[in-house]
Amino acid sequence: MSAAFHTGEQAMQARAGVQAQMAQIGPRVLRDHMPDQHREFFGLLPFVLVGSVDAQGQPWASVLAGAPGFMQSPDPTHLHIGARPLPHDPLNTTLRDGAALGLLGIQPHTRRRNRMNGTARLQDGGVTVEVGQSFGNCPKYIQAREPVWVPGAPAGQIAFESPGLDEASRGLIRAADTFFIATAHPQASAGGERSHGVDVSHRGGPPGFVNVAGEVLTVPDYAGNHFFNTLGNIALHPAAGLLFVDFDRGDLLYLAVQAKVVWDGSLRLLRMQVTHARRVQGALPLRWATPGDAQ
């Protein structure tokens with residue numbers, strides 16, 4: 001494998017005073033394959049988050065869903081996902097042979113999550129991802145709601161699309177305790193370093209943790225594992241894609257944003273200017289139990 005962290009990640013780690021520590025930890029936890037427990041974990045899930053990049057270099061956060069078992073790992077360096085993109089998901093236009101992808105497998109009710117990025121190969125009515133980098137994440141800030149696959153759910157319909165937000169979209173964001181963010185290293189869309197590709201990650205907190213002011217969203221960057229994958233990508237390539245889920249109705253809100261990291265003493269903020277919004281009603285064929293308290 002190449003260096004565990006790219007220059008953007010290293011710069012963020014240095015600013016936070018953890019670069020030397022992460023230089024030791026990174027090579028031990030960042031793998032070029034999936035351990036068996038990760039391979040088995042993906043096979044249990046009814047959905048997976050996917051980060052991709054369009055032809056203009058804009059990252060998008062997406063979701064693929066299916067009955068548990070729709071993902072299978074035939075060997076430690078490949079994961080086959082037997083699902084097609086949901087209607088109106090940006091993945092319909094970004095998913096192609098050779099595309100750089102970031103994956104996040106998350107099991108909210110057990111607060112387990114594992115991440116992987118790699119290269120897509122379209123085959124067998126789905127996509128096989130060849131592993132570039134694989135690692136686990138800590139369970140903090142995950143709301144413990146359990147998803148259930150609903151076969152035969154009707155296809156979603158676009159309810160709103162615009163360069164900015166409408167009030168219904170702002171309401172969904174203000175009520176959210178969870179969102180997902182996709183970012184990319186500048187080389188990702190050009191077929192650069194396999195371990196420096198596209199990333200998709202989880203952000204969580206109490207409802208209202210995302211501040212909405214017009215078209216600007218601001219969230220605190222809570223203490224995490226100090227990998228700084230998301231912020232490191234943003235340091236080099238400020239475009240990002242967000243995905244908000246209405247867990248009661250299955251609505252999905254896809255956002256394209258321009259992001260920047262704001263340092264205020266020991267507190268880090270992520271500030272994001274919305275440049276495009278697409279809200280799809282009833283898009284996600286999953287139903288969710290009431291969450292427990294996040295840890």
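## Ground rules and overall picture

A residue is called buried when its relative accessible area is under 20%, exposed when that area is over 50%, and partly exposed in between, using a 1.4 Å probe and protein chains only. The structure here is a predicted model, in which local features need pLDDT of at least 70 and side-chain atom pairs count only at pLDDT 80 or more, while totals for chains, interfaces and linings use all residues. Residues are numbered from 1 along each chain as its sequence is written, and side-chain values use heavy atoms, with hydrogens and water left out.

The protein has 295 residues, and 56% of them count as buried. Its secondary structure consists of 6 helices and 17 strands (DSSP runs numbered from the N terminus: helices are H or I with at least four residues, strands are E with at least two). About 11900 Å² of the protein is exposed, with carbon and sulfur atoms supplying 50% of that area (Shrake-Rupley method, 1.4 Å probe; for residues, only the protein chains shown count as cover). If you take the contacts (heavy atoms within 4.5 Å) between residues at least 6 apart in sequence, 71% of them join residues at least 24 apart.

## An open antiparallel sheet

Let's turn to the strands. An open sheet is built from 7 strands in the order E2-E1-E5-E6-E7-E4-E3, with antiparallel pairing (two strands pair if DSSP finds at least two bridges between them). Its edges are strand E2 (59-65) and strand E3 (71-75); each has a single partner strand, so one side of each lacks a neighbour in the sheet. On average, neighbouring strands of this sheet are turned by 35° against each other, direction ignored (axes are lines fitted to C-alpha atoms, for helices over the stretch in contact, and angles run from 0 to 180 degrees between N-to-C directions).

Strand E1 (residues 47-53) is worth a closer look. E1 runs antiparallel to E2, and 7 bridges join the two; here Leu49 stands opposite Val63 in E2. The two strands make a hairpin with 5 residues between them, and Gly57 in the turn has a positive phi of about 85°. E1 also pairs with strand E5 (residues 100-107), again antiparallel, over 3 bridges, and Gly51 has Gly102 as its bridge partner in E5. Because 7 of the 7 residues of E1 are buried, this strand is largely enclosed by the rest of the structure. Both of its faces are covered: Phe47, Leu49, Gly51 and Val53 are buried on one side, and Val48, Val50 and Ser52 on the other.

## Helix H5 and its cover

The buried residues of helix H5 are Ser169, Arg170, Leu172 and Ile173. Seen down the axis of H5, these residues fall within an arc of 160°, so they line one face of the helix (the arc is that of the directions from the helix axis to the C-beta atoms). Exposed Glu167 and Ala175 are carried on the face turned away from the buried side. The cover over the buried residues of H5 includes E9, strand E12 (211-213), strand E13 (216-220), strand E14 (239-246), strand E15 (251-264) and E16.

Strand E16 also holds Ala277, which is buried with a relative accessible area of 0%. Its C-alpha atom is 7.6 Å from that of Phe160, although the two residues are 117 apart along the chain. Neighbours within four places in sequence aside, Ala277 is in contact with Phe160, Glu161, Ser162, Gly164, Leu165, Tyr254 and Leu255.

## Salt bridges

There are 11 salt bridges (a side-chain nitrogen of Lys or Arg within 4 Å of a carboxyl oxygen of Asp or Glu). One of them joins Asp177 to Arg145, with the closest N and O atoms 3.1 Å apart. Asp177 lies in the loop between helix H5 (167-175) and strand E10 (178-184), and Arg145 in the loop between strand E7 (126-136) and strand E8 (147-149), so this pair ties together parts 32 residues apart in sequence. Asp177 is buried at 9% relative accessible area, and Arg145 is buried at 7%.

Asp166 forms another salt bridge with Arg279, at 2.5 Å between the closest N and O atoms. Asp166 lies in the loop between strand E9 (157-162) and H5, and Arg279 in strand E16 (residues 267-281), so the pair ties together parts 113 residues apart in sequence. Both Asp166 and Arg279 are buried. Arg249 and Asp251 also meet in a salt bridge, at 2.7 Å from N to O, and Asp251 counts as buried at 3% relative accessibility. Finally, Glu167, Arg170 and Glu215 are joined into one network by salt bridges that share partners.
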